[in-house]
Amino acid sequence: MSFESRRLHLLGIALVFLKTLKDLFLPLLLFLVSQVFQRGYSLFWLITGGVGVSLLLLAWGFLSWYRFIYYVKDGALIVEQGVLARKRSIIPRTRIQAIDLNQGILHRLFNIVSVRVETAGGNKPEATLVAVSRHDANALRQALTVYDEHKEEGYEETGGVYKRLSFKELFLFGATSGGALGLVLSIFSGAWALLDDVGLELDWLLYFSWVGERINIVFLIILVIFILWLLATLGVIFKYGRFTVSRHGDRIQMTYGLLQRTQVSIPVRRIQAVRMVEGILRQPLGYFTIQLENAGYGTQSAEKAILWPLARPKELKFILQKFLPEFNLEASLETTLETTLHNTLHTSLERLPQIARRRYALRSFFPVFLVSLPVFIWLPWGNFAVILPFLGGLWGLWKFHDAGWSLKDNMLVLRCRSFARTTVIVPSGSIQSFAVGSNPFQRRVGLVSFSLELASKSHFGLADIPVSVGVNLMGWLRTRQAKTTPGRL
Amino acid sequence: MQSQPSERIDWRAVKVWQIQGVFKALTMAIPLVPAVFLVREFSWPLWVPVLLAVVVILYGIVEVALLPRLRWERWRYQVQQEEIDLQRGIWFIKRTLIPMGRVQHVDTRQGILMRRYGLATVIISTAAGAHQIPALREDIAGGLRDSIVRLAQVSDDVL
């Protein structure tokens, strides 16, 4: 399919204008202030200066728009751009991992989209077309889709299988996101630094009795935390609102966002693994997030593609069957996976040997111990730091308790905990390398650690499995590899 | 663990690593200069540079006399039809398996030191990252590179 050379939507000029204005806002402001100081305040200068700068920026926006040309030729997307330095990028369509569509508020007013083309390797999108009409975007997508088996009809698609997040689920997803914790911590540390700067030396006993007298303050703090939590929840709701997932032939597509709509479209053969993440707040409620390990996204983007924000164990089977049958495990394991996801009892996953228990506890105990030692010695109230290493040790036991693995045909199921508990399903074909290793202490008790790398630049592994299991896993990968041809699924 | 991979790397790797060890120790010795200066001009206690020197010398001994030999002793590799098998490590002994179908491209690389000894490193890249077989004889490295490429049939579609 051909796609002739064309420019972006005219709104592109406005978008470049606004972006440059945003980038230059601080320097411009500084310049303005310094001018006002030097020459005194003059309405005439302000207006002519403002108009002049705006005109310059508009001209810049126009030039960048004028010079930005894209087309598809010989199966490659070609983008030519640059006002001062010309740049020409050629992206073969076989290299394209995902084509994402985004809509900001301005975009929605004019019914246009921003198109991001992602390739493997590199951490940022290979090409971003900031303003493309809906019609052009669809044409571009079709021209770049390797298998032209389906026609995509913009955002709210009706074909294929389709699932939408309810508001209740969305709210719960936001409320348990833990984003509030981050906000609270950052604000507290900010306030702390401020107090330090002011040079306020706090007499702690006095301080606490003072607080005790004014219990209202405590309520105030609780209120502030509550408001922060509400804000974080709202943030997540706006970001992931109206979440839908759909499957069209060889592509899986997620669309979300209340104000800014984001559409992520991933070829199924690029999906390296599926993981179920049970956040600390979500696990007790029996919910987890299903994420995709996608080869197109670099390590930089902290957000893994979310297949489904908030799932219950019961839904897992349905979701995998409907949207990713390639990752559907055999029914037997599936049902056990369901039960193990909410029960903490591991019925189907194999567990670590008991000798590993002490090692897990110590492994988490010592680092915390080393960190809290100076706290204990030098800081006032540092005596309380005594409990920290023991909390660390408990955390290690928790990790030990949750760790597990299972082999089923060509799938490896692996579970471990850092803070959240993560269960990952890895097909043998997406394992890029597999390593088994041991240190002298492990060798003495016959344990090894293993880790595997995926093309999504993630790695998964477990410490302290028995040597025999390590050998089994290697053997499994060998035989699987002999059976599968390059290019998995 | 299973039997080790069959091939060893070139023994001259030990020499290269020893020379590199000397350089590492020399780099570590750089802080000695300001330390001596501080002792002379600002009458800092003498034990500061002495301690530094002892640390540097110990480090040098370990890096020259001990580690290269052990490292070479442990390093094994084997390229088979379906996989590449690597073993290395002194404290943490690690065995890595790279499925042949996952290999994206293979390079050989030579630093100045390596070239002086006629050695080269083979670098095997997958979509997840690179793995190295250090210090093979040039012709062996070249042959290995070519045979891995042939076995992997590096193609564009494979990720």
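**Exercise 1. Find the residue that pairs with B:D85 across the chains, and give the N to O distance.**

Start with the pair itself: in this predicted model, the side chains of A:R478 and B:D85 form a salt bridge, with 3.1 Å from N to O. That sits inside the 4 Å cut-off for a salt bridge. As background, side chains of opposite charge can pair when their charged atoms come close. Now zoom out to the interface of chain B and chain A, where the rule finds 2 salt bridges. Then scan the whole structure: the search turns up 19 salt bridges over all chains.

**Exercise 2. Describe the salt bridge of A:E326 and A:R247, then work out what it ties together.**

First, the geometry: the side chains of A:E326 and A:R247 meet at 2.9 Å, N to O. Next, place both ends. A:E326 is in the loop between α9 (313–323) and α10 (331–342) of chain A, while A:R247 belongs to strand β9 (residues 244–248) of chain A, so this pair links parts 79 residues apart in sequence.

**Exercise 3. Put numbers on the interface of chain B and chain A.**

Count residues to begin with: 25 from chain B are in contact with 36 from chain A. Then take the area: about 2,700 Å² is buried between the two chains, and carbon and sulfur atoms give 55% of that.

**Exercise 4. Work out how α2(B) and α3(B) are oriented, and what their contact is made of.**

Grab the axes first. Helix α2 (residues 32–42) of chain B and helix α3 (residues 47–74) of chain B have axes that come within 8 Å and cross at roughly 160°. Angles over 145 degrees count as roughly antiparallel, so that's what α2(B) and α3(B) are to each other. The handedness of this crossing is left-handed. For the contact, α2(B) supplies B:L32, B:A35, B:V36 and B:V39, and α3(B) supplies B:P49, B:L52 and B:A53. Sort them by class and you get 7 nonpolar, no polar and no charged.

**Exercise 5. Do the same for α1(B) and α3(B).**

Helix α1 (residues 13–29) of chain B packs on α3(B) at about 160°, with the axes 9 Å apart. That angle makes α1(B) roughly antiparallel to α3(B). The crossing here is right-handed. In the contact, residues of α1(B) including B:W17, B:K24 and B:M28 meet residues of α3(B), among them B:Y59, B:E63 and B:W72. The class tally for this contact is 13 nonpolar, 3 polar and 4 charged residues.

Conventions. Residues numbered from 1 in each chain as written. Chains lettered and ligands numbered in written order. Predicted model: local features only at pLDDT ≥ 70, side-chain atom pairs only at ≥ 80, totals over all residues. Heavy atoms only, no water. Axes fitted to C-alpha atoms, helices over the stretch in contact; angles between N-to-C directions. Helix = DSSP H or I, 4+ residues; strand = E, 2+ residues; numbered from the N terminus. Parallel < 35°, antiparallel > 145°, perpendicular 65-115°, else oblique. Left-handed = near helix turned anticlockwise from the far one by under 90°. Contact = heavy atoms within 4.5 Å. Nonpolar A, V, L, I, M, F, W, Y, C, P; charged D, E, K, R; others polar. Buried area = accessible area lost by both parts, 1.4 Å probe.
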